[in-house]
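Please look at the sequence and the structure below, and then follow the report, which takes up one helix and the aromatic rings that belong with it.

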Amino acid sequence: RSNLTSKIGFEVAKGLKFTSTTQLIYTKNTMNDQDGRSFVFAINNARPFAPFDVKNSDGKYATFFGAADVCMLTYKSATQSGITGIAQHFELPIVATPVGGLAETIIHGETGLICDDIEVSNIVSTVNTYFKEHGATPFRKAIALQNQQNSWPEFSRRLLEFIDELP
């Protein structure tokens with residue numbers, strides 16, 4: 001796999017920087033599209049005002065999740081690493097292959113899309129479905145509701161409700 005990143009920027013005024021980051025990720029492998037052509041995995045022209053080198057108070061690069069349209073977890077094999085939880089925290093929909101534990105935390109059609117299998121044609125089809133038929137908005141609304149239902153205040157409320165029902 002080869003990664004090529006360019007970052008060009010200039011300071012418009014004191015404290016106001018305009019930058020553009022472009023990343024090209026390419027791999028030489030046997031993954032082809034439906035017509036048998038190899039393809040470039042991602043060309044990402046980042047949002048010009050997103051400070052990708054800034055970390056939040058937890059030392060994390062939260063901007064990556066905030067600037068993304070979808071979190072792509074299209075692996076041939078995987079184990080649950082916590083990325084789905086991070087993506088859902090930032091209300092970022094997920095497109096994932098059904099491997100490892102990835103699909104267990106995604107409600108297909110509500111919080112993201114799960115590919116039928118790991119074949120490239122199915123991944124391409126699922127990604128096209130995401131962008132052409134859905135987009136991020138309906139998924140983000142469902143994820144926000146799920147986040148609220150799984151919040152600490154809601155957990156506390158339900159726990160106290162349960163305690164009140166004990167004999």
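Helix α3 covers residues 120–134, and because each of its 15 residues should add 1.5 Å, with the expected span taken as 1.5 Å times one less than the number of residues, a span of 21 Å is expected, which agrees with the 20 Å between its end C-alpha atoms. Helices (H or I, at least four residues) and strands (E, at least two) are DSSP runs, numbered from the N terminus. This is a predicted model, in which local features need pLDDT of at least 70 and side-chain atom pairs count only at pLDDT 80 or more, while totals for chains, interfaces and linings use all residues. Residues are numbered from 1 along each chain as its sequence is written, and side-chain values use heavy atoms, with hydrogens and water left out.

Among the buried residues of α3 are V120, I123 and Y130, where buried means under 20% relative accessible area, exposed over 50% and partly exposed in between (1.4 Å probe, protein chains only). Their cover, counted by contact (heavy atoms within 4.5 Å), includes β4 (71–73), β5 (94–96), β6 (112–114) and α4 (136–149). After α3 comes G135, whose phi is positive, near 75 degrees.

The structure holds three aromatic pairs, and two of them are set out here. Rings of Phe, Tyr and Trp (its six-membered ring) pair if their centres lie within 6.5 Å, and planes under 30 degrees apart count as stacked, over 60 as edge-to-face and the rest as tilted.

| Pair | Centres | Planes | Type |
|---|---|---|---|
| Y130 and F131 | 4.9 Å apart | 85 degrees | edge-to-face |
| Y130 and F139 | 5.5 Å apart | 20 degrees | stacked |

Ring pairs thus link Y130, F131 and F139 into a cluster. Within this cluster, Y130 is buried at a relative accessible area of 1%, F139 is buried as well, and F131 counts as partly exposed at 47%.
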